[in-house]
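Colleague: Could you walk me through this structure and explain the words you use for it?
Modeller: Gladly, here it is.

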Amino acid sequence: ASKAMREYEVVVLGAGGVGKSALTVRFVNDSFLEHYNPTIEEQYRREIAVDGEHIALEILDTAGAEQFTALNEVYITSGHGFLLVFSLTHEASLHDLDNIRQQVLHIKQGEPDLPIVIVGTKMDLYNEREVTSGALQELATSWGIPFYETSAKRNWNIQEVFQDLTKQMKARYPDA
Ligand code: GDP
Ligand code: MG
């Protein structure tokens with residue numbers, strides 16, 4: 001008998017305007033979300049093939065993650081994997097990830113090996129860049145979390161982000 005497709009819940013977190021929705025929509029629809037609507041919070045479903053296996057991802061694109069709400073706690077509790085998103089053009093948004101990461105760890109009550117990927121967005125905006133690759137690498141290494149520099153506009157490294165996270169989720173939750 002064939003086994004039902006594995007399914008994982010992904011939560012996309014980060015400050016407003018960093019490109020969480022554009023990243024999600026690029027992955028789900030392969031299109032670029034030009035228009036900025038900070039209040040949209042939506043769940044998407046998309047399959048991904050990892051190591052020859054098709055896996056279903058339920059992706060929650062959150063809004064207003066600056067303040068952690070009761071709703072965010074519910075999402076994080078049920079989430080298997082987390083994308084910590086900041087903009088390479090806005091240094092403060094990288095510092096915001098520290099607090100967001102602490103919240104995830106707190107809500108997950110010290111569970112080991114949580115699947116997490118750090119995502120730097122808007123790599124195409126070279127002239128507006130505020131975060132160097134070196135600074136990003138240093139922070140990500142100190143946290144022990146993989147990181148990617150991406151562009152939803154140009155479709156750079158978007159697949160790689162979701163591949164990495166899904167591999168981590170498969171390893172961490174093999175029975176999902
Ligand atoms: P969110 O609040 O984190 O969901 O941010 P959005 O995804 O809505 O993006 C905010 C703005 O940044 C929108 O106008 C997007 O079109 C723009 N944006 C997002 N990602 C990129 C990118 O990779 N490159 C460029 N040039 N703009 C982007
Ligand atoms: Mg959004």
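What follows is a short talk about the terms used for this structure.

Modeller: First, the ground rules: this is a predicted model, where local features need pLDDT of at least 70 and side-chain atom pairs count only at pLDDT 80 or more, while totals for chains, interfaces and linings use all residues. Residues are numbered from 1 along each chain, chains are lettered from A and ligands numbered from 1 as written, and side-chain values use heavy atoms, without hydrogens and water.

Colleague: How many helices and strands does the chain have?
Modeller: Five helices and six strands, counted as DSSP runs (H or I, at least four residues, for helices; E, at least two, for strands). From the N terminus, their order is β-α-β-β-α-β-α-β-α-β-α.

Colleague: Why is the chain called as compact as a globular protein of that length?
Modeller: The globule rule is 2.2 Å times the number of residues to the power 0.38, and the radius of gyration is taken over C-alpha atoms. For 176 residues the rule gives 16 Å, and the chain has 15 Å, which is close, so the description fits.

Colleague: Which residues are the closest to ligand 1?
Modeller: Gly17, Lys20, Ala22, Leu33 and Asp124 are the closest of the 18 residues that surround ligand 1; to count as near, a residue needs a heavy atom within 4 Å.

Colleague: What makes the pair between Asp124 and ligand 1 a polar contact?
Modeller: The term asks for a pair of N or O atoms within 3.5 Å. A polar side-chain atom of Asp124 lies 2.7 Å from a nitrogen atom of ligand 1, so the pair meets that limit. Leu33 qualifies through a polar backbone atom 2.7 Å from a ligand 1 oxygen, and Val18 through a backbone N or O atom at 3.3 Å from an oxygen of ligand 1.

Colleague: What is unusual to look for in the loops?
Modeller: Asp30, in the loop between α1 (20–29) and β2 (42–50), has a positive phi of about 50 degrees although it is not a glycine. Gln109, in the loop between α3 (91–107) and β5 (116–121), also has a positive phi, near 50 degrees.

Methods:
Polar contact = N/O pair within 3.5 Å; in protein donor to acceptor, adjacent residues only side chain to side chain.
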